[in-house]
Amino acid sequence: MGNQLELLEREALKLSAGERAAFARVLLSSLDEDNEIDEVWADEMERRIAQVEAGGLACIPVETAISELRASLR
């Protein structure tokens, strides 16, 4: 395995900085087993942001939300 790794490293270092960065992202994302979950959460965040921007979702200050949550836990 060491020889394969060394070969990959030599070849990767021949790439431009942008290509190495893209390659690194691909390798790192391959380690992330929860990639599908991250995509679902990203979609949900986009949906909620769109609702807020369209005025379809009421927003309250975080201090109010925390205060209400603490009161409900008492």
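Glu36 is exposed, with a relative accessible area of 62%. The cut-off for that label is over 50%, so Glu36 qualifies. The model shown here is predicted.

**Glu36 and its neighbours in charge**

Where does Glu36 sit? Its place is helix H3, which covers residues 35-53. Glu36 also belongs to a patch of negative charge on the surface. The other members of that patch are Glu33, Asp34, Asp38, Glu39, Asp43, Glu46 and Glu53.

Now take the charges of the whole chain. Negative side chains number 16, and positive ones number 8. The centres of these two sets lie 5 Å apart.

**Three exposed residues**

Glu36 can be set beside Leu13 and Ala54. The table gives the relative accessible area of each residue.

| Residue | Relative accessible area | Class |
|---|---|---|
| Leu13 | 56% | exposed |
| Glu36 | 62% | exposed |
| Ala54 | 67% | exposed |

Leu13 is part of helix H1, which spans residues 2-13. Its partner for a distance check is Phe23, 10 residues away along the chain. The C-alpha atoms of Leu13 and Phe23 are 11 Å apart.

Ala54 is in a loop. That loop links H3 to helix H4, which covers residues 62-73. How far apart are the C-alpha atoms of Ala54 and Leu15? They are separated by 44 Å. Along the chain, Ala54 and Leu15 are 39 residues apart.

**The chain as a whole**

How many helices and strands does the chain have? There are four helices and zero strands. Read from the N terminus, the order is α-α-α-α. The radius of gyration is 22 Å, while the globule rule gives 11 Å for 74 residues. The value is well over the rule, so the chain is more spread out than a compact globule.

The box around the C-alpha atoms has sides too. Along the principal axes, it is roughly 60 × 35 × 20 Å.

**Surface and burial**

What share of the 74 residues is buried? Buried residues make up 3% of the chain. To count as buried, a residue needs under 20% relative accessible area. Leu13, at 56%, is therefore not in that group. Ala54, at 67%, is therefore not in it either.

The chain exposes about 6900 Å². Carbon and sulfur atoms supply 59% of that area.

Notes:
Residues numbered from 1 in each chain as written. Predicted model: local features only at pLDDT ≥ 70, side-chain atom pairs only at ≥ 80, totals over all residues. Heavy atoms only, no water. Helix = DSSP H or I, 4+ residues; strand = E, 2+ residues; numbered from the N terminus. Buried < 20%, exposed > 50% of the residue type's maximum accessible area, 1.4 Å probe, protein only. Patch = residues over 30% accessible without salt bridge, like charges linked within 9 Å, V, L, I, M, F, W, Y side chains within 5 Å. Areas by Shrake-Rupley, 256 points an atom, 1.4 Å probe, with all protein chains shown as cover. Salt bridge = Lys/Arg side-chain N within 4 Å of Asp/Glu carboxyl O. Lys, Arg positive; Asp, Glu negative; His and termini not counted. Charge placed at Lys NZ, Arg CZ, Asp CG, Glu CD. Rg over C-alpha atoms; globule rule 2.2 N^0.38 Å.
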